[in-house]
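Please open the model in a viewer with a cartoon representation and keep the selection tool at hand. The tour proceeds by successive selections.

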Amino acid sequence: MLIIFGGLPGSGKSTIAQLLVQRRPAAYLRVDAIEHAILQSGGQKNVGPTGYMVPYELATSNLELGVPVIADSVNPLEITRRTWREVAIKTASPFIEVEVVCSDRVEHKRRVVSRKSDIPGFKLPTWDSVVSRDYEPWQSMRLKIDTALTRADAAAELILKQWSVAPANC
């Protein structure tokens, strides 16, 4: 199973993804951590596509071994979402796409400006960078979770329910 997360920073993706891993062990691929490690290696000033290419390959390796994967990223473009789906198809793995949003703009801003990084040295985005980010509308079927209306633990349970009934050939 591949769980493909997407959503703006501060929407609640990582919180929900981490709750899933605690409840059902899986490889947890967090693009922020991967991109930060690439930048910290000193070889690049801009991560570019590498920040997604590395987790695509890690997901493929894990899925081929039968290990479920939870992919946690902003996933702002249809091309990145499509590539995650292609990883699942290539490995004959079922998948669930999850878009996490926070419809309460005041709450979303509060989360963005008040949170602390859990990745040492990682610089979190500002509210201005979040609202000005390119984020293409989703075209594919997905589970859309609004964290202004749904608590993280309830969201994780919704995903686990879909996981348990997902057909083997999604």
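The stops below cover the sheet, two helix pairs and a salt bridge. The model is a predicted one.

**The sheet**

Begin by selecting the strands. They form an open sheet of five, in the order β2-β3-β1-β4-β5, and the pairing is parallel. In general, strands of a sheet pair through backbone hydrogen bonds, either parallel or antiparallel. Next, select residues 27-30 and 143-146, which are β2 and β5. These two strands occupy the edges and have a single partner strand each, so one side of each lacks a neighbour in the sheet. A view along the sheet shows its twist, which averages 20° from one strand to the next.

**From β2 to β3 and α2**

Keep β2 selected and add β3, residues 69-72; the two strands run parallel and are joined by four bridges. Display L29 as sticks: the residue opposite, in β3, is A71. Then add residues 31-40, which constitute helix α2. Helix α2 packs on the sheet, where it touches β2 and β3, and its direction makes about 60° with that of β2.

**Helices α3 and α4**

Two packed helices are described by the angle between their axes and the distance between the axes. Select residues 50-64 (α3) and 78-90 (α4): these helices pack at about 20°, and their axes are 9 Å apart. Helices α3 and α4 are therefore roughly parallel to each other, and their crossing is right-handed. For the contact, show Y52, P55, Y56, A59, T60 and L63 on α3, together with I79, T80, T83, W84, V87 and K90 on α4. Classified by type, this contact comprises eight nonpolar, three polar and one charged residues.

**A salt bridge within α4**

Remain on α4 and select E78 and R81, which are both in this helix and lie three residues apart, about one turn of the helix. A salt bridge links E78 with R81, with 4.0 Å between the closest N and O atoms. The structure holds nine salt bridges.

**Helices α1 and α7**

Finally, select residues 13-23 (α1) and 152-165 (α7), whose axes come within 9 Å and cross at roughly 60°. Helix α1 is therefore oblique to α7, and the crossing is right-handed. Which residues meet here? On α1 they are T15, I16, L19, L20 and R23, and on α7 they are A152, D153, A155, A156, E157, I159 and L160. The contact of α1 with α7 has eight nonpolar, one polar and three charged residues.

Definitions and conventions:
Residues are numbered from 1 along each chain as its sequence is written. This is a predicted model: local features need pLDDT of at least 70, side-chain atom pairs count only at pLDDT 80 or more; totals for chains, interfaces and linings use all residues. Side-chain values use heavy atoms; hydrogens and water are left out. Axes are lines fitted to C-alpha atoms, for helices over the stretch in contact, and angles run from 0 to 180 degrees between N-to-C directions. Angles under 35 degrees count as roughly parallel, over 145 as roughly antiparallel, 65 to 115 as roughly perpendicular and the rest as oblique. A crossing is left-handed if the near helix is turned anticlockwise from the far one by less than a right angle, and right-handed if clockwise. Contact means heavy atoms within 4.5 Å. Ala, Val, Leu, Ile, Met, Phe, Trp, Tyr, Cys and Pro count as nonpolar, Asp, Glu, Lys and Arg as charged, and the others, Gly among them, as polar. Two strands pair if DSSP finds at least two bridges between them. A salt bridge is a side-chain nitrogen of Lys or Arg within 4 Å of a carboxyl oxygen of Asp or Glu.
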